[in-house]
Amino acid sequence: MFRVALFLLLLGQIMACRPSLDRLSEDRLHFGTSGGFAGSSRTYIISASNGKILLHESLTEELSRVGRLNKEGVAEVFRRLESLPDKAGAAANHNAFFQQFTDNQLVREIKWAAPSSAPNTATQQLFEDLMAMMRQLNEM
Amino acid sequence: MSFFVRFICTSAGLSLLLISSLQAQESFKPHLPAEVQNQSTNPGTMLGPINPEVRDLLIQPRNGRDLFQTRTDRRTARYQPSFDQGTSPYYDSDNGQLYAIIGRPDILGAAARIDKLDALAYLRALSETLGIERVDQELVLGAISSDRFGGQHLRISQQYQGVPFWQSDARLHAGAEGFSSYTGRLFPSPVNLDIVPSFSRSAAEELAKRRSDDWIDLPAEQLAWISGPQLEAELVIHQDNDEAILAWMVQTRPNLSTHHSFIIDAHTGNVLNEHGHVCRFLPELNADHHHEVSCTHAPIENATVDELGSTVVQSLLPPTTATVLNLFNQFVTINVFSDQGNFFLADATKPMFMDDGMQISGLLLTYDAAGGSPQLENFSPSLGSSSNNTDWTRTAASVHSNAGIAFDYFFDEHQRLSIDGDGGDVLSIMNVNEPDGSEMDNAFWNGQALFYGNGNQAFNQLPRGLDVAGHEMAHGVIQSTADLIYQEQPGALNESFADIFGYLVEAETGDFRIGEDAVNTQVFTSGTMRNMLFPNNGAAGPQDFRWQPAHMDEYQNLPVNADNDNGGVHINSGIPNRAFALFATEVGDAVAEDVYYLALTEFLTRSSRFADARIGVVQAATQIHGAGSAVVQAAENAFAAVGIGGPAGDYTVDLETNSGERFLLLTNVAQTALFRAQEDGTLLDNPLEEVTVMSRPSITDDGRFAVFVDDQGRLRLYDLETRTLSFIENNPQTDFRNIVISKDGTRIAATKTPLDNQILIFDFVSSVGFFYELFNPTTANNGVSTGEVSYADAMEWEPSGEFLMYDALSEASTGSFWDIGFMRVWDNTTNDFGDGTIIKLFSNLPEGISIGNPTFARNSDYIIAYEEVDFDQNIFRLITRNTETNDFRTFFNNGIINYPNFGIADDRIVFDAETQGGDRVLGVRSLDEDKITPLGTPTSLVPGGHWGLYYATGDRDLDTAVPELLTDSGLLVYPNPVDEVLFIQPGELSLSGATYELQTMAGRSLLKGALGEAVAFELSTRHLLPGSYLLRIETPQGILVQPLIKL
């Protein structure tokens, strides 16, 4: 089981610099939801190099820093990603998704409409664990 | 090219220095019968009817279809045999796919009755156009259905040697005379596809089972609860671009709550595709009135009286109502039911409601997610409830009420019984949050139910909008009908139809705003999320999420991923949205909704794109209101106004007609002299010049110079103004076989003897020439050989001087054939020699058919004439064709070679012919305004005449401005060759204000848009057929034109 509390290093309001989509880590994971009536996306971005977690909301075009994963946490996330399919799922009106980038190249993309249509349990479980972590961050 | 020392063509005239020696001229087109006859060298004018031998129109379809595909281009089309006459095929300009055939082949006549036999006859007649070799074996006909307007439709599925294509979907539509149109997307019959799998069924099943890591061997009693076997594999054909792949489609239902599909290559074992299915909400009303997610089969059937409890069932009838405030603070009456003192959001008043004592169905049910997320496993919404039937939240009132209004819309206006059309429950889920716990700024359809968030930053209260409910319910209707794939253009159509029905459900005529009742106007400053009539929505451009394109000129070509809206489905929907808004404004909502619903439910299919939508809407309008009706015209106008498809195309730019004096240049049949006549055939010079003419003369557009090869193989130039005959070379060589001059007189193309596959292009301005080698492009046929090119014969320059149109003899294993190609020998942008790219007129010329002697219309380079030759039957059929629309006519059936040539105003064609008595004449026949349809009877123009060429002595602009070219810009375009995504990086350039345009090699625009200030711009190329293209990037600093190869 993913031990959320262990991996969190909360940065609070400390912001070294304003995050920018143009300066994302080359190795990173995007996950979140997209589509729907608004055709919007709500995307969390975890940097593989430093564990920083950003949130991008397409409707407001805001990119904000929400927290940070420690090294062990980053390693576990990306280790679990490796067990997932490189490409799976079909676009639907509303999707959950994973997108993994290595050297700024999209190397893994999984999308699914509901837990029942996730490609496998591991995919859904990683999504649930990460979202549980995001909930904790958002509640702080 | 040392033999061409100088040949400068200027407005002032030509200066020539001549060279070289002599060789014998070989006869050309050896496969065509030699027709050199010693007839009169003194032709006179004798207008009168001629009765050429008319041959049987029928040509038998051939087996062994040539899969010769080229890239998408206005001049590349599938070969359409003459027995399809009476029909117009429509090809997708983006990928070359056939998507519609309108009309009934003349050969069929009227059907005795509309039945499957007529459908089969229709499909057989169209088999070549469809690319289906054995219609009877490869197409499976569904049942004939009728719509409420009296139209009849039939669904077609496709198979190959008994193996189904899982992605194909098409329909036939009947008119008064029988089946008369086709819409959808079928795939050409595979060639040499091995349908014996080398990767076994059990191996595929094992692979899929292994990848379904949540597998549980279900006990026997639970197997009955899932929607099919726990593991099953079916052999299918999977189409990947142009490649047909034998595959296993494996369905796994590893447990009660999941269902996956896998497409596995049946030869390699590679997984080509895998995706999950959203499972149903089980409508078992348990003690807590919770529905649980499950992949059970037809779950309502499992809900027996015993399971539900008789009190629940009894309490459903009669329904109870409540009058409560909604999110507009308006009182609405909602239908609920009571159970043991509690009240629930279940509407049992709709005509679909059924209670047979054992099963209940046909309910509108509204659930409360209470902040849960359907993306999480623990999602467990409860049926909305109240203990007093008065404290319903305003959100509950809006969601439940709006579901009823949307249901009523589809039932009342379209007689549609619920979302699935079969009386299935309508499920709405309110108070949905994001999986991270935040308030959801969205609403959606997940394949089973409508979900509503309560808004966060961009929206206030999404359930407030009736158009939101209409939009989401429409997604369900779309899923149950056309089932438009949710990406790129089909996905944008999916979104567009959802907006359209959202607007119609809201029933506020003329208010084409979508989401206006739910948005936060601090975010959506225009006051609405989308505006169907004005899709730009007051925003500056594509970089603004509030903006949508209003016209195909603004189309956004985006990669298919979550970051890019699955290829811009919510972005490009602005274009068809505006088409609808224009149409509805013109004809009214009541007419528009009937037309669009019929188009959606009967004419569109999963892969339909924007062009299909135009055809579908126009056909639906035609069925309801009649061909040529004001409604049909309004539909055509609406789509034309946004740049979507249509017979006229968007690329049919005509040149101004040459205003000079008109003449006809010709030879006698023996080719021993040149003659000049008036346009009506009255001879002026008899002869103009006594010279043996061994190649058909070619004339500059201003009528000043004619070039040809003489009987000693020398290149000759005749000045029609000064009546001077000269040599083109200083020291004439004698090994030339043919020569044509560009319209502006600056370049020639020539072929030589002995016969080979080269064409010499010589530029008089630079005094440089190159030999271009002819080949048959194989970019899209997976390496299937299309034979070697032996030599070219007839040639003609395109008006702009970039392309050379030619016919060439190719040798294939199945025999030799002539066909027509276009070679890019000059680049007007760089003002230099072209890259030699070759485009073929047809992608699938059948065996035994040859085409040749092509000629352009004078003022419309998308109109050509050529001859179609069946050597076995000695038929020389003169065909006129609009290469934009692929519409064509048999202009004349000839017993001899036609050598067609258009009149100066494209109002006639002159051609070689024979009278019934066997006398050779130059014949002429008038053309209709469409420049392809013959008018009136062919008549003799000049007895004894041969190789007629109209010309006029005026000057006109044939050129386009040559922009400044960017060099050393540092702008990067990669990868090249490209597969799915092309990247554009600006280097040192500023891309502010820069635009891109992806063109065919002939310059036809496929995509264009703004680049903007981006670090790297991504351009999706996945929908393009393999082949060569041009990417034109226009920046304030200049223009870059980059050739691209699509893999």
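**Helix packing and the chain A–chain B contact**

Q: In this predicted model, which handedness does the crossing of helix 8 of chain B with helix 9 of chain B have?
A: The two helices pass each other in chain B. Helix 8 spans residues 394–414, and helix 9 spans residues 466–480. Their crossing is right-handed.

Q: How are helix 8 of chain B and helix 9 of chain B oriented to each other?
A: Their axes come within 9 Å. The crossing angle is roughly 55°. An angle between 35 and 65 degrees is neither roughly parallel nor roughly perpendicular. The two helices are therefore oblique.

Q: Which residues of helix 9 of chain B meet helix 8 of chain B?
A: Helix 8 brings Asn402(B), Ala403(B), Ile405(B), Ala406(B), Tyr409(B) and Phe410(B). The contact divides into nine nonpolar, two polar and no charged residues. The partners in helix 9 are Leu466(B), Ala469(B), Gly470(B), Met473(B) and Val477(B).

Q: At what angle do helix 12 of chain B and helix 13 of chain B pack?
A: Helix 12 covers residues 574–587 and helix 13 covers residues 589–603. Their axes are 7 Å apart. The pair counts as oblique because its angle is about 130°.

Q: How many charged residues are in the contact of helix 12 of chain B with helix 13 of chain B?
A: Helix 12 offers Phe580(B), Phe583(B), Ala584(B) and Val587(B). Helix 13 answers with Asp589(B), Val591(B), Ala592(B) and Tyr596(B). Seven of the residues are nonpolar and none is polar. Asp counts as charged, and the charged total is one.

Q: What arc do the buried residues of helix 1 of chain B cover around the axis?
A: Helix 1 spans residues 116–125, and its buried residues are Asp118(B), Ala119(B), Tyr122(B), Leu123(B) and Ala125(B). They lie on the same side of the helix because their arc is only 160°.

Q: Which strands of chain B do the buried residues of helix 1 of chain B pack against?
A: Their partners include helix 2 (127–130) and helix 3 (135–138) of chain B. The strands they pack against are strand 6 (139–146), strand 7 (152–160), strand 9 (169–175) and strand 10 (178–185).

Q: Which element supplies the largest share of the side of chain A that touches chain B?
A: The contact takes 47 residues from chain A and 54 from chain B. On the chain A side, strands 1, 2, 6 and 7 and helix 3 (121–139) each supply at least two residues. That side divides into 20 nonpolar, 20 polar and seven charged residues. The largest share, eight residues, comes from helix 3 of chain A.

Note on methods. Residues are numbered from 1 along each chain as its sequence is written. Chains are lettered from A and ligands numbered from 1 in the order in which they are written. This is a predicted model: local features need pLDDT of at least 70, side-chain atom pairs count only at pLDDT 80 or more; totals for chains, interfaces and linings use all residues. Axes are lines fitted to C-alpha atoms, for helices over the stretch in contact, and angles run from 0 to 180 degrees between N-to-C directions. Helices (H or I, at least four residues) and strands (E, at least two) are DSSP runs, numbered from the N terminus. Angles under 35 degrees count as roughly parallel, over 145 as roughly antiparallel, 65 to 115 as roughly perpendicular and the rest as oblique. A crossing is left-handed if the near helix is turned anticlockwise from the far one by less than a right angle, and right-handed if clockwise. Two residues are in contact if their C-beta atoms, placed from the backbone, lie within 7 Å. A residue is buried if 20 or more other C-beta atoms lie within 10 Å of its own, exposed if 12 or fewer, and partly exposed in between; C-beta atoms are placed from the backbone. The arc is that of the directions from the helix axis to the C-beta atoms.
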